[in-house]
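Welcome! Here is a short set of questions and answers for someone meeting this structure for the first time.

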Amino acid sequence: MLISARPAWRYVLPQVGFPLLILFAYSLTVSLGARGPFLLVSVPDLPLSAMGSALGIFLGFRTNSAYDRWWEARTLWGQLVNNSRTLVRQAVAFTVVHRERASTEAWIRKVAETQIAYVYALKNHLRGEDALAAATPYLGASEAETLRGERNVPAALLNRLGVLIGQASADGLIDSLQLQNLDQTLSALTDVQGGCERIKNTPLPRQYDLFPEFFTYVYCLLLPLGLVGRLGLATVVNTLNPDCIYLAGEITTAWDLIEETVRVSLAERVLIASAESTPMRVSAAQVQPRLRGAAALIAAPTFAAPRV
């Protein structure tokens with residue numbers, strides 16, 4: 001169940017906080033040693049771009065697979081709720097002509113309580129918890145004790161429901177057609193349980209988790225080495241927040257004159273609309289001489305000599 005549109009940071013930070021801290025320390029080390037041995041292993045841009053694209057495909061596929069599993073589970077649980085309502089509704093509607101019999105109300109109540117116990121037992125069964133403990137408040141201690149030796153308590157409860165419906169047919173509470181309809185509802189409940197157990201017992205293949213994790217670590221290790229030659233200490237910020245463009249060189253001395261042209265050129269070349277608002281950080285010309293003329297490449301069509 002989705003209870004909030006915002007992530008619960010108290011659960012997210014303990015999992016990502018330590019890796020981010022390690023990445024920050026690694027990026028800082030690379031940046032401080034930029035004039036030393038780290039420049040000898042500087043990584044060009046093309047491998048990083050190719051690896052980033054491959055990593056995006058891996059992560060996108062994994063995210064889609066996880067969402068498909070979640071949506072299937074949510075659909076199955078919705079079917080469980082609907083079939084539970086259908087079962088009790090059928091039990092009430094099919095016995096309305098026998099309402100004067102004392103056993104009718106007791107039978108309807110027994111079917112409803114057993115179905116409620118089944119839903120709670122299935123919930124605990126799927127979570128790996130004690131299914132019998134969840135069903136006991138609705139079955140009673142004596143009846144619950146008869147299920148103690150069952151390995152699959154929800155399936156045993158469905159069998160109990162089948163026995164109750166068979167007894168009602170033998171006692172004349174329901175006819176053969178009504179018996180068939182109730183049996184179809186029990187079959188639908190069995191299918192829902194089977195689908196839920198399949199999702200639980202069949203996790204995503206290990207390769208879907210291993211490869212994205214491996215390539216993510218490799219990418220995070222190479223990214224500072226690919227940025228340090230250009231950004232220096234700005235590598236720390238750009239590694240943690242790559243959605244940013246850094247500009248440096250003599251061309252930045254006239255940034256107030258060409259900024260609008262550069263942003264228009266960027267907007268014309270982006271692949272998605274959200275990239276038009278990508279932040280641009282300008283460094284002083286003497287701070288990052290290795291990026292000299294980077295902005296001029298974008299503004300060249302405007303400021304170059306006219307064609308004759």
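The questions below ask how some descriptions of this predicted model are reached.

Q: Why is Glu-143 called buried?
A: Glu-143 has a relative accessible area of 18%. Buried means under 20%, so Glu-143 falls on the buried side of that cut-off.

Q: Why does Arg-109 count as exposed?
A: The relative accessibility of Arg-109 is 56%. The word exposed is used over 50%, so Arg-109 earns it.

Q: What makes Glu-113 partly exposed?
A: Its relative accessible area is 29%. That value is neither under 20% nor over 50%, so Glu-113 sits in between.

Q: How do you know that Lys-110 and Glu-143 form a salt bridge?
A: The closest N and O atoms of Lys-110 and Glu-143 are 2.3 Å apart. A salt bridge needs a side-chain nitrogen of Lys or Arg within 4 Å of a carboxyl oxygen of Asp or Glu, so this pair qualifies. Lys-110 lies in helix α3 and Glu-143 in helix α5, 33 residues apart, and the pair links distant parts of the chain.

Q: What makes Arg-160 and Glu-143 a salt bridge?
A: Their side chains meet at 3.3 Å, N to O. The limit is 4 Å, so this pair counts too. Arg-160 is in helix α6 and Glu-143 is in helix α5, so the pair ties together parts that are 17 residues apart in sequence.

Q: Why are Lys-110, Glu-143 and Arg-160 described as one network?
A: The three residues are joined by salt bridges that share partners. Glu-143 pairs with Lys-110, and Glu-143 also pairs with Arg-160.

Q: What makes Leu-20 suitable for a nonpolar surface patch?
A: Leu-20, in helix α1, has a relative accessible area of 43%. Patch residues need over 30%, and Leu is among the nonpolar side chains that count, so Leu-20 fits on both points. Together with Trp-9, Leu-13 and Val-16, Leu-20 makes a patch of about 390 Å².

Q: Which residues have the most contacts inside the largest nonpolar core?
A: They are Leu-87, Trp-107 and Leu-157, in a core of 34 residues. The largest share of this core, 8 residues, comes from α6. Leaving aside neighbours within four places in sequence, Trp-107 is in contact with residues including Ala-91, Leu-164 and Leu-182.

Key: Residues numbered from 1 in each chain as written. Predicted model: local features only at pLDDT ≥ 70, side-chain atom pairs only at ≥ 80, totals over all residues. Heavy atoms only, no water. Patch = residues over 30% accessible without salt bridge, like charges linked within 9 Å, V, L, I, M, F, W, Y side chains within 5 Å. Areas by Shrake-Rupley, 256 points an atom, 1.4 Å probe, with all protein chains shown as cover. Helix = DSSP H or I, 4+ residues; strand = E, 2+ residues; numbered from the N terminus. Buried < 20%, exposed > 50% of the residue type's maximum accessible area, 1.4 Å probe, protein only. Core = buried A, V, L, I, M, F, W, Y, C linked by side-chain atoms within 4.5 Å. Contact = heavy atoms within 4.5 Å.
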